[in-house]
Amino acid sequence: MIDKKNIIRLGLILLVLAVLTILNNTMGKYEIRILNLAGIYIILGLSLNVINGFTGLFSLGHAGFMAIGAYTSSLLTMSVIQKESNFFVEPIVPWLANVQIGFLPALLFGGILAAVLGAMIAAPILKLTDDYLAIATLGFSEIIRVIFTNTQSLTNGALGIKGLTRYTTVHYTWGIAILTILFMFSLRKSSYGKALMAIREDQTAAEAMGINLFKHKLLAFTIGSFFAGIGGGLLAHLMGTIDPLMFRFLLTFNVLLIVVLGGIGSISGTVISAIVVTIMLEWLRFLDGVIDLGFMTIQGIPGLRMVLFSLLLMVVIIFKQNGLMGRDEITIDSLGGFFARFRKKEA
Amino acid sequence: MSINTFFQHLSNGLALGSLYALIAIGYTMVYGILRLINFAHGEIFMISTYVVFYGVSIFYLPWWVSIIVAIVITGLLGIIVERAAYRPLRNSPRISVMISAIGASFLIQNLAIVIFGGRPKSFPIPDYFNTVIQVQGVSVPIVNFFIPVITLVALVILIYIIEKTKTGMAMRAVSRDYETARLMGISVDNIVSITFGLGSLMAAIGGVMWGLKYPNLIPLIGLMPGLKAFIAAVIGGIGNIKGAVLGGFLLGMTEIMIIASLPNVTGYRDAFAFILLIGILIYKPSGLLGQDIGEKV
């Protein structure tokens, strides 16, 4: 017998896809761009959530993994001519000069490379705890950025890569976002996910129960960096331009903000807050520019937007540490309960 | 490298090392007491340079007055940050406190962009500090002598406070055992405030001298020196003030020397400190002068 819940799940996904298709066909260019960004931030938020939320490790290195994914996939999708016009200071390394593959394989490749490097980076530092791990991962992401700034013939250095073909569409971003959400739910249900959460609750107890700490933490980092790499690749092909400055700590901050606001450890919370934060980040852009009220204009002040967001982060962490959802999820059961209550009230 | 340029680099390394050391003290003192990386410390350091700039060029205060004002304001700011961002989370998981610290750091940094503007400003340097003196054919800017001397004086005063005064004793007690110190009648909250204040004072002294040496002010200048000073504190053994000073000098000196002797790795300058950090964390997490503390169950 087919599970009733699975049918509802499938129905929900189809509903989301239908809404997205309608939005994709009716909205303007700018709105579609925000829609794409929201999808990408869902992937990024969920990927950080595996490390920070499920496993309770504190990683601040997300921008580095995104950079690896972004650069790898960009270098793979660029045509020979695009490469020639970008690498005018120093020619590109010969083994990359004539390579061009499709967008999806390039994304996948970027994700895999980010995952491999993520695992290699994490392996020696996993025994560190809390803040030490945070600062070490931050250090690695800065090292990656500095390397990318200086390897002129591989990444075009500080000039960055311009004029990428904008392959990223709503189908790609939201398709991958939905796959990521499904993956996260099934990961959490699996024995691996349970082991990760056991580590989060009490590392020593988890170890005593026979959970291999190193193996599972490494797994969390590998999964997290894989999806970060994919997100980075999508972001690169949405923007059309990448340069090392894009992958500063600020990018990690944005993703961290999403995870904290949504509730560290909650999948649905992360998804909701990814959408809300992306829209707010774009919508509040007027604070940095000129505010036109019709009868008068107020000169916006650069930086005000980020003041608001850092205040928001602090207020949430101080007054409502669990964020939007805590560790709860919006599931079909809880939705059903919600509607049942709703119906009772009406009756 | 000729012997003359070597001495020039040596004096530069000494000056940079002193600055790292002064900032590192703030990190290490706070970590010693609260087991917390005060991410906003680099930003507090940045504010001190701006206060001097505004004091001199907008309010036309004499140079030494604006320095005193800067040191006082920065000290207060450190105390305010602790009150607002860390005290409400005293009993929360460490990750929450850390997120709050990152939030505070971004908040101050962006407030600085809003208030001071993103355009670079030039730190006002009195003519006296602009002179370059010749010692045995080696030309050295006078700030390179001035910075280590002031650093040394500040250090001696700080260590006197910590080792000899009652407040210092209370600080050491709190850092050794928080709960017991409270039971012994020490007002932990006050001691924490004093620690933040003292650490920020040191950062302010560092900030003023940073301006003398690197007069280009932007709101982001706190970021890299802050991170590097933290790395210096880890190298020396976090929680240990003498270790922070040692780490600061080591980091400043090696940074300058590596760039001087290998000019083609200049671009990797910022990566170098982080590589050192990760090496130390992997092979000797307790740092050079720190004590090894086992895992408590």
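This is a short tour of a two-chain model, moving from chain A to a helix pair inside it and then to chain B and the contact between the chains. Keep in mind as you click around that the model is predicted.

**Stop 1: chain A**

Start by selecting chain A and showing it as a cartoon. You should find 16 helices and two strands. The radius of gyration of chain A is 21 Å, close to the 20 Å that the globule rule gives for 347 residues, so chain A is as compact as a globular protein of that length. Turn it along its principal axes, and the C-alpha trace spans about 70 × 65 × 45 Å. If you colour by burial, 45% of the 347 residues count as buried. Contacts that reach far along the chain are well represented: of those between residues at least 6 apart in sequence, 81% join residues at least 24 apart.

**Stop 2: two helices in chain A**

Now select residues 29-54 of chain A, which form helix H2, together with residues 170-189, which form helix H9. How do these two helices lie against each other? Their axes come within 8 Å and cross at roughly 20°. With an angle under 35 degrees, H2(A) and H9(A) are therefore roughly parallel to each other. The crossing is left-handed.

Show side chains next. On the H2(A) side, the contact includes A:Ile32, A:Leu35, A:Gly39, A:Ile43 and A:Phe54. Facing them from H9(A) are residues including A:Val170, A:Trp174, A:Ala177, A:Met184 and A:Arg188. Taken by class, the contact between these helices has 13 nonpolar, four polar and one charged residues.

**Stop 3: chain B**

Hide chain A for a moment and select chain B. Here the secondary structure comes to 12 helices and four strands. Chain B has a radius of gyration of 19 Å, close to the 19 Å that the globule rule gives for 297 residues, so chain B too is as compact as a globular protein of its length. Its C-alpha atoms fill a box of roughly 60 × 50 × 35 Å along the principal axes. Of its 297 residues, 48% count as buried.

**Stop 4: where the chains touch**

Bring chain A back. At this contact, 34 residues of chain B meet 33 residues of chain A. Which helix of chain B should you select to see the largest share of its side? Pick H4(B), which supplies 15 residues; in the sequence, this helix runs over 94-116. Then add helix H12 (269-283) of chain B, which also supplies at least two residues. Colour the chain B side by class to finish: 25 residues are nonpolar, seven polar and two charged.

How values were computed:
Residues are numbered from 1 along each chain as its sequence is written. Chains are lettered from A and ligands numbered from 1 in the order in which they are written. This is a predicted model: local features need pLDDT of at least 70, side-chain atom pairs count only at pLDDT 80 or more; totals for chains, interfaces and linings use all residues. Axes are lines fitted to C-alpha atoms, for helices over the stretch in contact, and angles run from 0 to 180 degrees between N-to-C directions. Angles under 35 degrees count as roughly parallel, over 145 as roughly antiparallel, 65 to 115 as roughly perpendicular and the rest as oblique. A crossing is left-handed if the near helix is turned anticlockwise from the far one by less than a right angle, and right-handed if clockwise. Two residues are in contact if their C-beta atoms, placed from the backbone, lie within 7 Å. Ala, Val, Leu, Ile, Met, Phe, Trp, Tyr, Cys and Pro count as nonpolar, Asp, Glu, Lys and Arg as charged, and the others, Gly among them, as polar. The radius of gyration is taken over C-alpha atoms; the globule rule is 2.2 Å times the number of residues to the power 0.38. A residue is buried if 20 or more other C-beta atoms lie within 10 Å of its own, exposed if 12 or fewer, and partly exposed in between; C-beta atoms are placed from the backbone.
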